[in-house]
Amino acid sequence: MPHGAWLFERVNGLFNGLASEFGPISPPVDVVEDSSGYRFSIELPGLKSDSLEVKVEDETLVINAERNEPALAKDARVHRAERHYGRIHRSFRLPSDVGRDAIKAAYKDGVLEVTIAKLPEAKALRVEVAYSN
């Protein structure tokens, strides 16, 4: 590797690690709406079951977690560190058409799925039209 490329890799690695030191990690999220409600899919690999909190406060969905750095041997030398550790936080203002009683969360294969049903009156209702001759 040319000397300039090596230096770039070292500097780039330094900046990659800064994100979790200055603030919470903001994982990628997909938000999908259909006729019955909303689904939030948040990538959160490597979490322990007791480190995840999902709540609704002030009409906002709040997701908090903590991903701890694995313990390394005293003589370990890290050659590359691209995964982020520390506090994880995402929040989403909920629309007015959701019910607070119909919120479900499930964590599987490193993805948190939060589903929130729409209020019955918020769902579209098809009305049959009577035709007269």
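**Warm-up.** Which residue in E4 does Glu57 stand opposite?

Before solving it, some ground rules: this is a predicted model, where local features need pLDDT of at least 70, side-chain atom pairs count only at pLDDT 80 or more, and totals for chains, interfaces and linings use all residues. Residues are numbered from 1 along each chain as its sequence is written, and side-chain values use heavy atoms, with hydrogens and water left out.

Solution. Start with the strand pair: E3 and E4 run antiparallel to each other over 6 bridges. Strands here are DSSP runs of E, at least two residues long, and helices are runs of H or I, at least four, both numbered from the N terminus. Two strands pair if DSSP finds at least two bridges between them. Now look across from Glu57, and you land on Thr60 in E4.

**Exercise 1.** Work out the fold inventory and assign the strands to sheets.

Step 1: count. The protein chain has 1 helix and 7 strands, in the sequence pattern α-β-β-β-β-β-β-β.

Step 2: build one sheet. Strands E3-E4-E5, in that order, make an open, antiparallel sheet of 3 strands. Strand E3 (52-57) and E5 are its edges; each has a single partner strand, so one side of each lacks a neighbour in the sheet.

Step 3: build the other. Four strands in the order E1-E2-E7-E6 form an open sheet, again with antiparallel pairing. Its edges are strand E1 (29-33) and strand E6 (98-108), which pair on one side only.

Step 4: zoom in on one pairing. E1 meets strand E2 (residues 37-43) in the antiparallel sense over 5 bridges. Asp30 sits opposite Ser41 in E2.

**Exercise 2.** Find the largest nonpolar core and say which strands feed it.

Step 1: get the criterion straight. A nonpolar core is a set of buried Ala, Val, Leu, Ile, Met, Phe, Trp, Tyr and Cys residues joined through side-chain atoms within 4.5 Å. Buried means under 20% relative accessible area, exposed over 50%, and partly exposed in between (1.4 Å probe, protein chains only).

Step 2: apply it. The largest core has 16 residues, and those with the most contacts inside it include Phe40, Ile42, Leu61 and Val114. E2, strand E4 (60-67), strand E5 (86-93) and E7 each give this core at least two residues.

Step 3: pick a member. Leaving out residues up to four places away in sequence, Ile42 touches Pro27, Pro28, Val29, Ile63, Gly110, Val111, Leu112 and Val114. Touching here is contact: heavy atoms within 4.5 Å.

Step 4: zoom out. Of the 133 residues in the chain, 23% count as buried.

**Exercise 3.** Locate the aromatic pair and describe its geometry.

Step 1: the rule. Rings of Phe, Tyr and Trp (its six-membered ring) pair if their centres lie within 6.5 Å; planes under 30 degrees apart are stacked, over 60 edge-to-face, the rest tilted.

Step 2: the hit. That rule gives 1 aromatic pair. Phe40 and Phe92 make it, in a tilted arrangement with 5.2 Å centre to centre and 50° between the planes. Phe40 is in strand E2 and Phe92 in strand E5, 52 residues apart.

Step 3: burial. Phe40 has a relative accessible area of 4%, so it is buried; Phe92, at 14%, counts as buried too.

**Exercise 4.** Is Lys118 buried or exposed, and what does its side chain reach?

Step 1: Lys118 lies in strand E7 (residues 111-118).

Step 2: with a relative accessible area of 12%, Lys118 is buried.

Step 3: its side chain reaches the backbone oxygen of Asp34 at 3.2 Å.

Methods: Polar contact = N/O pair within 3.5 Å; in protein donor to acceptor, adjacent residues only side chain to side chain.
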